[in-house]
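Please walk through this model step by step, from a single loop residue out to sheet, strand and helices.

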Amino acid sequence: MVLFSTPTHPVLDNTLEGEGVKPFPPENAKEIVMSLQQPVVFCNMVSDWPALRWNAEYLSALLGGRIIQFRLGLKAVDLVPQFETRCSYVKATLEEFLAWSCGQPCLSGPFSCYEYSKYWAYADYKYIARVFEDKPEVFQDIRWSDFGFPGRSGRESTLWIGSEGANTPCHLDSYGCNLVLQVQGRKRWHLFPPGDTHFLYPTRIPYEESSVFSKVNIANPDLKRFPEFRNATARVVTLSPGQVLLVPRHWWHYVESIDPITVSINSWIELDADHEARVEEAITRMLVCAIKSAENPCEGDLWLNPTEVEATSHETNLQYLNKAVAAYFQCLKASVSEQAWSSSTGAEQRTSKRRKREVGWEPEGCRLLTRESSFSTLKAEELQKIPFGPHLIPVVPQSQETSSAGAVGSDGRGLLAEDEGGHGGELHCTRKPLGMSNDCDTPAHRVGSDSSPNASPTTLSTNDLLDCLVNPHVINLVARLLLERTRV
């Protein structure tokens with residue numbers, strides 16, 4: 001099986017006749033973002049955004065000598081994913097990063113221990129509100145209001161700056177959907193639908209709230225160890241500057257920088273379904289913290305992703321669970337009230353309500369365990385209503401790309417495929433300040449998703465048990481039982 005072929009495809013035009021003209025008004029763009037359950041690329045929506053000038057050189061001048069943290073990993077491709085627990089961390093200025101990424105010898109300074117030909121560097125998950133806390137005026141350079149989210153700007157966005165090879169391990173985000181703007185360079189995205197979860201061998205080690213990692217290294221899959229990965233259906237897309245990628249809820253993604261310098265900006269859009277997801281995350285946290293904290297208390301919290309400061313206590317986790325359940329039922333109550341109001345309106349309003357439900361506008365998080373319906377793609381007749389074309393490009397499965405040879409059909413729908421000159425972006429969830437290591441010889445941590453000290457390959461480990469206990473399908477069932485029991 002060819003996992004990632006390189007089909008041809010049309011070159012997309014990022015220009016529109018008439019200055020300031022956008023292909024979709026904000027209300028239509030929002031409907032697409034909130035209803036479409038497949039990844040798409042928006043073109044010609046941000047040509048007037050000041051954020052398009054945010055290349056690394058511009059940001060370096062804007063930040064001056066401000067220090068930011070970079071994650072470093074090896075360019076050599078291994079069978080094991082480079083989780084953040086297996087990376088090194090340095091603190092440096094963007095000016096120092098740019099000098100290093102040009103291949104200049106670094107005899108001193110933060111990057112002196114890391115040869116550019118062997119390592120990549122990534123300033124990822126940088127909240128713009130924190131990085132530019134003394135320059136709030138730059139928040140307005142980012143205008144998510146053009147996508148139907150008034151008031152959302154750089155304050156609610158995240159900045160990513162990386163060198164060639166910098167990557168995010170394959171994962172899905174528990175909360176929200178994701179809009180990603182590519183500013184400089186190109187990034188290649190490997191996307192998998194929620195239905196492929198079983199084929200991606202999900203794990204919660206390293207643990208991070210809101211992130212479910214895959215044990216498969218997408219760039220170099222170990223098919224002997226993970227044979228079911230052969231059944232996964234990849235959608236590969238390369239995002240170019242000026243394009244915006246929509247990553248729908250719970251879509252898996254592996255992201256890699258393929259140009260010398262890349263800059264991306266993203267924003268996670270909250271969804272009603274997040275209330276249910278928070279219940280599931282609270283259950284997961286309780287189980288992971290309880291079992292892993294008891295496993296090797298003297299060795300610390302090496303099972304935590306560096307984004308998690310420490311393992312929270314059982315009492316704290318229980319409080320979090322109760323708050324998540326309470327918030328869920330508040331949402332449910334609000335939804336019932338809305339439905340009661342809707343049923344008392346006229347026939348015209350009821351027809352409008354049904355139309356919204358057909359395209360996915362119904363608040364799915366306020367109904368008990370409707371995950372399956374929220375994951376399903378729109379029906380064929382509903383997809384016909386989506387204005388696919390040169391300004392809204394669907395990211396299709398590779399089998400379709402190959403059979404279609406990247407052609408634009410007679411109905412004007414473009415098929416966006418992976419290619420060196422192609423189009424395809426980035427993302428993640430609530431992050432905490434990262435830990436740091438200045439050790440030039442070894443990364444700060446060397447704990448994989450299923451590595452336990454002195455464990456025999458034939459012996460079940462704690463992580464093997466956790467992979468079953470906190471499997472997304474199991475947690476979904478536990479949440480169903482818990483919410484049903486609480487409601488009674």
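**A guided tour**

Gln243 has a relative accessibility of 0%, so it counts as buried, the cut-off being under 20%. The model is a predicted one. Gln243 sits in the loop between E11 and strand E12, which spans 244-247. Its side chain has a polar partner: the backbone nitrogen of Ser240, at 3.1 Å from the side chain of Gln243.

From this loop, step back to E11 and its sheet. The sheet is open and has 6 strands. Their order is E9-E10-E6-E13-E8-E11, and the pairing is antiparallel. Two strands form the edges: E9 (202-203) and E11 (235-239). Each of these pairs on one side only. In general, strands of a sheet pair through backbone hydrogen bonds, either parallel or antiparallel.

Now look inside the sheet. Strand E6 covers residues 167-173, and strand E13 covers residues 252-257. The two run antiparallel and are joined by 3 bridges. Thr168 has its bridge partner in E13: Val255.

Next comes strand E7, residues 177-184, where Leu179 is found. Is Leu179 buried or exposed? Leu179 is buried, because its relative accessible area is 0%. Which residues surround it? Beyond its neighbours within four places in sequence, Leu179 is in contact with residues that include Val33, Trp144, Phe147 and Phe149. Val244, Leu245 and Leu246 are also among the contacts of Leu179. So are Ile265, Asn266, Ser267 and Ile269. Trp268 is 89 residues away from Leu179 in sequence, yet their C-alpha atoms are 6.4 Å apart.

Turn to the helices. Two packed helices are described by the angle between their axes and the distance between the axes. Helix H2 (residues 56-63) packs with helix H3 (residues 94-101) at an angle of about 150°. Their axes are 9 Å apart. Angles over 145 degrees count as roughly antiparallel, so H2 is roughly antiparallel to H3. On the H2 side, the contact residues are Ala56, Glu57, Leu59, Ser60 and Leu63. They meet Leu94, Glu95 and Leu98 in H3. The residues of this contact divide into 5 nonpolar, 1 polar and 2 charged.

Finish at Pro390. This residue lies in the loop between helix H9 (380-383) and strand E15 (392-394). Pro390 has a relative accessible area of 48%, so it is partly exposed. Along the chain, Pro390 and Cys43 are 347 residues apart. In space, their C-alpha atoms are separated by 7.3 Å.

Key: Residues numbered from 1 in each chain as written. Predicted model: local features only at pLDDT ≥ 70, side-chain atom pairs only at ≥ 80, totals over all residues. Heavy atoms only, no water. Pairing = 2+ DSSP bridges. Helix = DSSP H or I, 4+ residues; strand = E, 2+ residues; numbered from the N terminus. Buried < 20%, exposed > 50% of the residue type's maximum accessible area, 1.4 Å probe, protein only. Polar contact = N/O pair within 3.5 Å; in protein donor to acceptor, adjacent residues only side chain to side chain. Axes fitted to C-alpha atoms, helices over the stretch in contact; angles between N-to-C directions. Parallel < 35°, antiparallel > 145°, perpendicular 65-115°, else oblique. Contact = heavy atoms within 4.5 Å. Nonpolar A, V, L, I, M, F, W, Y, C, P; charged D, E, K, R; others polar.
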